[in-house]
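Welcome! Please take a slow look at the sequence and the model below, and then we will walk through them together.

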Amino acid sequence: MASHVARFGINYAKTAAVLQIEYLVVAGGGGGGADIGGGGGAGGFKTGFLTVSYGVPYTVTVGGGGTAGSFRNKAGNGNDSVFGSITSTGGGGGGSGDTLGGSAMTGANGGSGGGGNGDGGSAGGSASPAGQGNNGGNGSGAASNYGSGGGGGSGGAGSNGTGASGGNGGPPTASSISGAATNYAAGGGGGSYAAGGVGAAGGTGATAGTNSNAAATNATANTGSGGGGGGRDSGASQPNNGSVGGSGIVIIRYPDTYAAATSTTGSPTITVAGGYRVYKWTGSGSITF
């Protein structure tokens with residue numbers, strides 16, 4: 001998914017009742033699976049333009065990241081993020097192993113799909129609904145390291161696991177809506193017995209664990225990235241858990257020739273620079289123009 005380039009001008013012609021704003025809505029990333037777990041899928045990524053009305057409050061919901069997979073417990077999907085009528089879907093959790101079997105070993109569907117578990121050779125989850133991200137990679141099921149699939153990212157699918165290593169997380173998408181190019185919605189790396197997959201985009205997608213002594217890392221908050229999958233499980237007394245998905249974010253902007261919002265809630269960060277008024281929420285709230 002390519003970076004969105006803002007095109008203003010006549011799009012911003014104000015009538016008596018409406019204003020057009022640019023938005024970025026990123027959902028929470030999925031959690032990484034446990035026991036050679038699949039990487040968490042990135043939260044749904046949506047950007048574009050929306051016509052809003054003056055005097056009407058618009059709800060902002062910032063989705064939390066999915067819970068980490070743990071011993072015989074599957075990873076959680078990320079939560080949806082919302083701005084007005086725009087909803088981005090939470091990322092799919094990575095598949096977990098051990099004796100769970102069946103659907104728990106398969107990467108879950110979401111904004112981007114979670115990676116499949118390596119021990120079972122399970123499939124990665126799908127990007128559903130389509131258009132917000134990409135599929136998770138498949139688990140290998142192959143000796144000697146039983147690599148799990150990487151979670152899908154907004155910019156591409158997660159890599160499949162192999163007999164040598166876990167799959168890497170899918171790449172993110174960059175947006176400059178806040179004034180600086182920033183990567184969002186990367187997939188988490190898939191776990192394995194030895195060489196874990198790498199989370200995409202320099203750490204915004206979490207790196208997977210490897211063996212029972214290497215923990216998976218949590219995804220970076222407010223990026224919508226997937227959590228890393230856990231490595232080999234040593235049993236209930238020493239489980240190798242997955243990691244937590246990154247929370248989402250909501251950002252809007254419009255030309256600074258138009259008045260500031262009449263009210264906001266949720267303590268957004270507000271900046272005026274480069275010809276725009278920018279409102280960024282890292283927690284839920286609202287805005288009235």
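## A walk through the strands

Let us begin with one pair of neighbours: strand S3 (residues 57-61) and strand S4 (residues 81-83) run antiparallel and pair over 2 bridges. Two strands count as paired if DSSP finds at least two bridges between them. Within this pairing, threonine 61 has valine 82 in S4 as its bridge partner.

Before we go on, a word on what you are looking at. This is a predicted model, in which local features need pLDDT of at least 70 and side-chain atom pairs count only at pLDDT 80 or more, while totals for chains, interfaces and linings use all residues. Residues are numbered from 1 along each chain as its sequence is written, and side-chain values use heavy atoms, with hydrogens and water left out.

Now step back to the whole chain. The protein has 0 helices and 12 strands, so its pattern along the sequence is β-β-β-β-β-β-β-β-β-β-β-β. Here helices (H or I, at least four residues) and strands (E, at least two) are DSSP runs, numbered from the N terminus.

The pair we started with belongs to an open sheet of 5 strands, in the order S5-S4-S3-S12-S9, with antiparallel pairing. Strand S5 (86-88) and strand S9 (263-265) are at its edges; each has a single partner strand, so one side of each lacks a neighbour in the sheet. On average, neighbouring strands of this sheet are turned by 15° against each other, direction ignored. For such angles, axes are lines fitted to C-alpha atoms, for helices over the stretch in contact, and the angles run from 0 to 180 degrees between N-to-C directions.

Another open sheet of 5 strands has the order S2-S1-S8-S11-S10, and its pairing is antiparallel too. Its edges are strand S2 (45-53) and S10, each with a single partner strand, so one side of each is without a neighbour in the sheet. Neighbouring strands here are turned by 20° against each other on average, direction ignored. In this sheet, S8 and S11 pair in the antiparallel sense over 6 bridges, and isoleucine 251 stands opposite lysine 280 in S11. Lysine 280 in S11 is also the bridge partner of threonine 269. That second link belongs to the pairing of strand S10 (residues 269-273) with strand S11 (residues 276-281), which run antiparallel and are joined by 5 bridges. S10 and S11 form a hairpin with 2 residues between them, and glycine 274 in the turn has a positive phi of about 65°.

Which side chains meet in a salt bridge? They are those of glutamate 22 and arginine 253, at 2.9 Å from N to O. The pair links distant parts of the chain, since glutamate 22 is in strand S1 (residues 18-26) and arginine 253 is in strand S8 (residues 249-255), 231 residues apart. The structure holds 1 salt bridge, meaning a side-chain nitrogen of Lys or Arg within 4 Å of a carboxyl oxygen of Asp or Glu. Glutamate 22 counts as buried at 2% relative accessibility, and arginine 253 is buried at 9%. Buried means under 20% relative accessible area, exposed over 50%, and partly exposed in between (1.4 Å probe, protein chains only). Of the protein's 289 residues, 53% count as buried.

Threonine 173, found in strand S6 (residues 173-175), is buried as well, at 1% relative accessibility. Its side chain makes a polar contact with the side chain of serine 154 (2.9 Å). A polar contact is a pair of N or O atoms within 3.5 Å; within protein, one must be able to donate a hydrogen and the other to accept it, and residues adjacent in sequence count only if both atoms are side-chain atoms.

Finally, let us visit some loops. Most residues other than glycine have a negative phi, and most peptide bonds are trans. Aspartate 35, in the loop between S1 and S2, has a positive phi near 50° and is buried at 7% relative accessibility. Serine 267, in the loop between S9 and S10, has a positive phi of about 55°, yet serine 267 is exposed, with a relative accessible area of 70%. The peptide bond from serine 128 to proline 129 is cis, with omega near 0°, and proline 129 is in the loop between S5 and S6.
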